Amino acid sequence: MMKQEELFHLFLDNMLDAVAVYEVSQEGKPLKFMEANEQMCRYIGYTHEEFLRMQPADIRFECFNITPALWQELLEVRYLLNEYVYKTNDNVSVPIEIHYHFFQLDGRNLIFLTIRDISERKKAEENQRRLEKDLNLSSRLASVGALTAGVAHEINSPLTSILGFSERLARKCTSEEQHRDIERIHTEALRAAKVVDNLRTFARSYEQEKKLCGLNDVIRKSVELREYELVVQNIVVELELAENLPSTLMDFYKIQQVLINMILNAEQAMYQAHGRGRLLIKTQDMGNYIRMIIEDNGPGIAPEIAERVFDPFFTTKEDSRGTGLGLSVCYGIIMEHDGKVQLESKLGQGTRFIIDLPIKNSRLPRKKSTKVVVVKVNAKTRAKSPKSLPQNPPD
């Protein structure tokens with residue numbers, strides 16, 4: 001028959017938590033260990049026999065040190081719970097939960113210490129926060145979208161008249177000064193029309209047309225549209241496109257809209273900050289989904305701004321040059337493709353957007369993407385092109 005002591009050790013050693021019992025002085029100073037389970041010994045890095053022979057002061061483990069404030073609280077409530085980040089021998093940070101139970105036995109003060117690894121719980125909490133944030137943003141996008149659909153329709157009718165009549169007046173006008181004024185009216189009306197178009201897109205009033213497409217093709221054609229302007233602004237574009245990237249169902253023009261908008265934003269940020277820059281666009285086959293990374297070496301985004309970049313109508317651009325809809329539209333398009341978009345940015349170190357698109361109905365045979373094709377667009381090697389018309393700044 002199993003003895004009580006054997007049963008006790010069997011119980012302790014099969015606990016998932018690390019457990020130790022040690023004696024403390026009247027002032028709360030650790031004196032000696034009384035017992036510990038195998039999990040605790042693994043945390044500290046000693047055998048059970050070695051552990052019991054050691055003094056708490058000999059072990060560099062902050063959990064065993066009781067501050068005067070902690071000791072006074074333990075004397076009052078007998079139980080405390082703290083969280084602590086433990087550094088392993090491999091210098092890996094592990095979040096742990098520490099339970100202090102204070103009791104007295106045969107006139108001695110004893111601490112029953114329990115340590116629980118809460119890494120998985122922290123990951124789950126972080127995932128939950130991320131999901132709630134995405135849900136909150138999606139909800140705001142849906143609400144604002146419903147409102148903007150009606151607003152865009154009401155504004156579009158008078159804008160069409162303004163554009164039409166300003167064109168007629170410009171053709172008939174003989175005064176150069178008046179012609180400039182009419183041109184200004186027409187230009188501002190075009191800008192307003194762009195805002196309306198963004199509002200309509202944001203409100204998802206267009207039906208998507210998804211076809212089997214290759215993401216690398218979308219990237220190449222998007223960069224071609226901005227190639228001359230990028231070269232003029234001394235911005236080198238590097239494409240690191242994985243070969244044999246599987247095709248997936250997507251709306252070519254919607255994904256191109258996402259790319260163009262992000263390229264424009266990066267282009268403007270880098271040029272304003274440094275007068276030059278480097279833009280990296282790369283693709284990766286992640287198995288069940290395709291990853292696209294758009295990375296610039298611009299000024300970066302402050303944390304308080306990074307949290308709001310996908311919010312509708314949020315913009316940092318001065319002089320009312322941005323509508324604050326560009327990245328909101330991008331977010332909505334990626335969500336409609338059942339994808340994910342993440343932002344990583346540090347001030348002074350640039351910005352990176354990570355977009356994941358699921359692989360859907362790919363009828364092409366899967367080939368592992370083992371090779372990456374690197375293409376550079378550089379001002380020194382680019383032939384001159386006709387000067388392009390000025391374009392409105394990105395949202």
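**Exercise 1.** In which hand does α7 pass α8 in their crossing? Work out how the two helices meet.

*Solution.*
Step 1. Note that this is a predicted model.
Step 2. Locate the helices: α7 spans residues 215–232 and α8 spans residues 252–274.
Step 3. Read the geometry. The two pack at an angle of about 40°, and their axes lie 9 Å apart.
Step 4. Classify the angle. Angles under 35 degrees count as roughly parallel, and 65 to 115 as roughly perpendicular. α7 and α8 are therefore oblique to each other.
Step 5. Give the hand: α7 crosses α8 in a right-handed way.
Step 6. Find the contact residues. On α7 they include L215, V218, I219 and R226. On α8 they include F252, I255, Q256 and E267.
Step 7. Sort the contact by class. It has 12 nonpolar, two polar and four charged residues.

**Exercise 2.** Which residues of helix α4 are buried, and which are exposed on the other side? Trace what the buried ones pack against.

*Solution.*
Step 1. Find α4 at residues 68–77.
Step 2. Pick out the buried residues: L70, W71 and L74.
Step 3. Place them around the axis. They cover an arc of only 100°, so they sit on the same side of α4.
Step 4. Recall the helix rule. An α-helix has 3.6 residues a turn, so residues three or four places apart point the same way.
Step 5. Turn to the other side of α4. There, P68, A69 and E76 are exposed.
Step 6. Look for partners. The buried residues of α4 pack against β1, β3, β4 and β5.
Step 7. Check what comes after the helix. R78 follows α4, and its phi is positive, near 70°.

Key. Residues numbered from 1 in each chain as written. Predicted model: local features only at pLDDT ≥ 70, side-chain atom pairs only at ≥ 80, totals over all residues. Heavy atoms only, no water. Axes fitted to C-alpha atoms, helices over the stretch in contact; angles between N-to-C directions. Helix = DSSP H or I, 4+ residues; strand = E, 2+ residues; numbered from the N terminus. Parallel < 35°, antiparallel > 145°, perpendicular 65-115°, else oblique. Left-handed = near helix turned anticlockwise from the far one by under 90°. Contact = heavy atoms within 4.5 Å. Nonpolar A, V, L, I, M, F, W, Y, C, P; charged D, E, K, R; others polar. Buried < 20%, exposed > 50% of the residue type's maximum accessible area, 1.4 Å probe, protein only. Arc of directions from axis to C-beta.
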